[in-house]
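Here are my notes after a look through this one. Have the viewer open while you read.

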Amino acid sequence: MTDDEKAAALRPPADPLGDQFWQSLKEGRLTFQRCKHCGNAWLPVRSECPRCLEADWAWENASGAARLISWVVYHRAFHEAFADRVPYTVAVVELTEGPRMTSNIIGAGDPEALKIDQALRLVIEPDFGLFVPRFTPV
Ligand SMILES: [Zn+2]
């Protein structure tokens with residue numbers, strides 16, 4: 001599988017909100033949405049607040065600070081495009097602003113040393129033609 005084939009296979013589906021999210025990452029910002037009605041903040045992008053279902057929201061920039069909620073270490077690649085990366089860590093992280101997201105932990109060395117609630121910071125990396133939000137221990 002060539003890098004172009006990997007990029008095509010992994011590209012998120014075209015979606016106006018998703019496109020704005022990915023464009024912000026390309027500009028070096030991780031964004032999330034916050035409801036103007038109830039104050040809830042969330043990821044991934046969607047057109048209505050998942051708490052109150054209002055469609056009145058605004059984009060906000062994440063500070064990049066987060067904490068580790070949970071993780072797994074993949075020893076078999078989820079997709080053949082990631083076969084040369086095993087083992088790699090897939091994690092749920094919680095941004096300081098509240099939203100939780102699925103991401104990767106990078107630069108952590110031995111994944112056995114990771115700790116629940118561990119402080120993390122955002123690293124935006126180019127990968128397969130996108131800019132991808134990942135996290136590293138502080
Ligand atoms: Zn709401």
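**Notes on the predicted model**

1. Start with the inside. This is a predicted model, and its largest nonpolar core has 18 residues. Leu-30, Val-93, Leu-95, Ile-105 and Phe-135 are the ones with the most contacts inside that core. Who supplies it? Helix 2 (16-26), strand 4 (65-74), strand 5 (88-95), strand 6 (100-105) and strand 7 (119-127) each put in at least two residues. Strand 5 gives the largest share, three residues. As background, nonpolar side chains tend to be buried together in soluble globular proteins.

2. Another core, of six residues, lies apart from that one, and Phe-82, Tyr-88, Val-90 and Phe-128 are among its members.

3. Click on Ile-105 next. Leaving out residues up to four places away in sequence, Ile-105 touches Leu-68, Thr-89, Ala-91, Val-93, Leu-114, Leu-120, Phe-135 and Pro-137.

4. Helix 2 is worth turning end-on. Its buried residues are Leu-17, Gly-18, Phe-21, Ser-24 and Leu-25. Looking down the axis, these buried residues fall within an arc of 120 degrees, so they line one face of the helix. In general, an α-helix has 3.6 residues a turn, so residues three or four places apart point the same way. On the face turned away from the buried side of helix 2 you'll find Pro-16 and Lys-26, both exposed.

5. What do the buried residues of helix 2 pack against? Their partners are strand 1 (31-35), strand 3 (57-61), strand 7 and strand 8. Just after the helix, check Gly-28: its phi is positive, near 90 degrees.

6. Thr-136 sits in strand 8 (residues 130-137). Is Thr-136 buried or exposed? Its relative accessibility is 10%, so Thr-136 counts as buried, the cut-off being under 20%. Apart from neighbours within four places in sequence, Thr-136 is in contact with Ile-106, Gly-107, Ala-119, Leu-120, Arg-121 and Val-123.

7. Now the metal. Four cysteines coordinate the zinc ion through their SG atoms, namely Cys-35, Cys-38, Cys-49 and Cys-52, at 2.3 to 2.4 Å. Along the sequence these donor residues follow the spacing C-x2-C-x10-C-x2-C. The site is tetrahedral, with angles of 102 to 118 degrees among the four donor atoms. For reference, the ideal angle for four tetrahedral donors is 109.5 degrees.

8. Two of the zinc ligands are worth a look for accessibility. Cys-35 has 4% relative accessibility and therefore counts as buried, whereas Cys-38, at 29%, counts as partly exposed.

Notes. Residues numbered from 1 in each chain as written. Predicted model: local features only at pLDDT ≥ 70, side-chain atom pairs only at ≥ 80, totals over all residues. Heavy atoms only, no water. Donors = N, O, S within 2.8 Å, 3.2 Å for Na, K, Ca; no water. Tetrahedral: all angles 85-135°; square planar, octahedral: opposite > 155°, others 65-115°. Buried < 20%, exposed > 50% of the residue type's maximum accessible area, 1.4 Å probe, protein only. Core = buried A, V, L, I, M, F, W, Y, C linked by side-chain atoms within 4.5 Å. Helix = DSSP H or I, 4+ residues; strand = E, 2+ residues; numbered from the N terminus. Contact = heavy atoms within 4.5 Å. Arc of directions from axis to C-beta.
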